Amino acid sequence: MKKPGKMLMEVLRHAPKKPATEMYPHVRPYVPERFRGRLDFIPGKCIGCKMCMRDCPSKAITINKIGDKKFEAVIDLDRCIYCGQCVDSCPKDALLMTTDFELAQLDRRKLKIVLKDAGNATDAKPEAEPEKPVA
Ligand code: SF4
Ligand code: SF4
């Protein structure tokens, strides 16, 4: 170490300051209202026009008809680039972006979610069951 005195001065200068690091996940960070997080779907508004599918640049959203004037949205969270184009393209405001950013999964199949019932974040279900560990 060439200049220990200089280093010590630097340490003393920063010692009384608050840490710059975030305490996440113990303390949730502030998420701006217009943050582009996981998509949400309001099935009651969807008319099945598939404009969202047509305009999605990464082919991350699929709309399926599941009954008479009933539709579900299948979203590949690992393909989505969270650009918001589908939200802009939807003529019925059936899609919106939430502030949910905690999307990491150990099983990739859990990143494919189906939204079809009440259409809110808590109804997001993985399309496939997670793989069972081999005994
Ligand atoms: S946010 Fe963008 S990438 Fe994601 S589904 Fe919508 S259009 Fe596709
Ligand atoms: S653009 Fe909107 S209304 Fe049309 S299929 Fe997609 S979610 Fe439904």
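This report describes the fold, the core, the ligand surroundings and some backbone details of a predicted model.

## Overall fold

The secondary structure of the chain consists of three helices and six strands, and along the sequence these elements follow the pattern α-β-α-β-β-α-β-β-β. Of the 135 residues in the chain, 16% count as buried. Among the contacts with a separation of 6 or more, 58% are made by residues 24 or more positions apart.

## Strand β3 and its partners

Strand β3, which covers residues 70–76, pairs with strand β2, residues 61–67, in the antiparallel sense, and six bridges join the two. Within this pairing, Asn64 has Glu72 of β3 as its bridge partner. The two strands form a hairpin with two residues between them, and Lys69 in the turn has a positive phi of about 55 degrees. Strand β3 also pairs with strand β5, residues 112–115, again antiparallel and over four bridges; here Ala73 stands opposite Leu115 in β5.

In a regular strand the side chains alternate between the two faces of the sheet. Strand β3 shows such an alternation, since Phe71, Ala73 and Ile75 point to one face and are buried, while Lys70, Glu72, Val74 and Asp76 point to the other face and are not buried.

## The nonpolar core

In soluble globular proteins, nonpolar side chains tend to be buried together. The largest nonpolar core in this model has 19 residues, and those with the most contacts inside it are Phe41, Cys52, Ile61, Ala73, Ile75, Cys86 and Leu95. The elements that contribute two or more residues to this core are β1 (39–41), β2, β3 and β5, and β3 gives the most, with three residues.

Cys86, one of the core residues with the most contacts, can be followed further through its surroundings. Leaving aside its neighbours within four places in sequence, Cys86 is in contact with Cys52, Asp55, Cys56, Ile61 and Leu95.

## Surroundings of the two ligands

Around ligand 1 there are 13 residues, of which Cys56, Cys80, Cys83, Gln85 and Cys86 come nearest. By class, the shell around ligand 1 divides into ten nonpolar, three polar and no charged residues.

Around ligand 2 there are 14 residues, and those that come nearest are Cys46, Cys49, Cys52, Cys90 and Ala94. The shell around ligand 2 has ten nonpolar, two polar and two charged residues.

## Backbone details in the loops

Most residues other than glycine have a negative phi, and most peptide bonds are trans. Against that background, the peptide bond from Tyr24 to Pro25 is cis, with omega near 10 degrees, and Pro25 has its place in the loop between α1 (4–14) and β1.

Two lysines in loops have a positive phi. Lys50, although not a glycine, has a positive phi of about 65 degrees and lies in the loop between β1 and α2 (51–55); Lys50 counts as partly exposed because 17 other C-beta atoms lie within 10 Å, a number below the 20 required for a buried residue and above the limit of 12 for an exposed one. Lys59, which is found in the loop between α2 and β2, has a positive phi near 50 degrees and is likewise a residue other than glycine. With 10 other C-beta atoms within 10 Å, Lys59 is exposed.

Terms used: Residues numbered from 1 in each chain as written. Chains lettered and ligands numbered in written order. Predicted model: local features only at pLDDT ≥ 70, side-chain atom pairs only at ≥ 80, totals over all residues. Near = placed C-beta within 6 Å. Nonpolar A, V, L, I, M, F, W, Y, C, P; charged D, E, K, R; others polar. Pairing = 2+ DSSP bridges. Contact = placed C-beta atoms within 7 Å. Core = buried A, V, L, I, M, F, W, Y, C linked by C-beta atoms within 7 Å.
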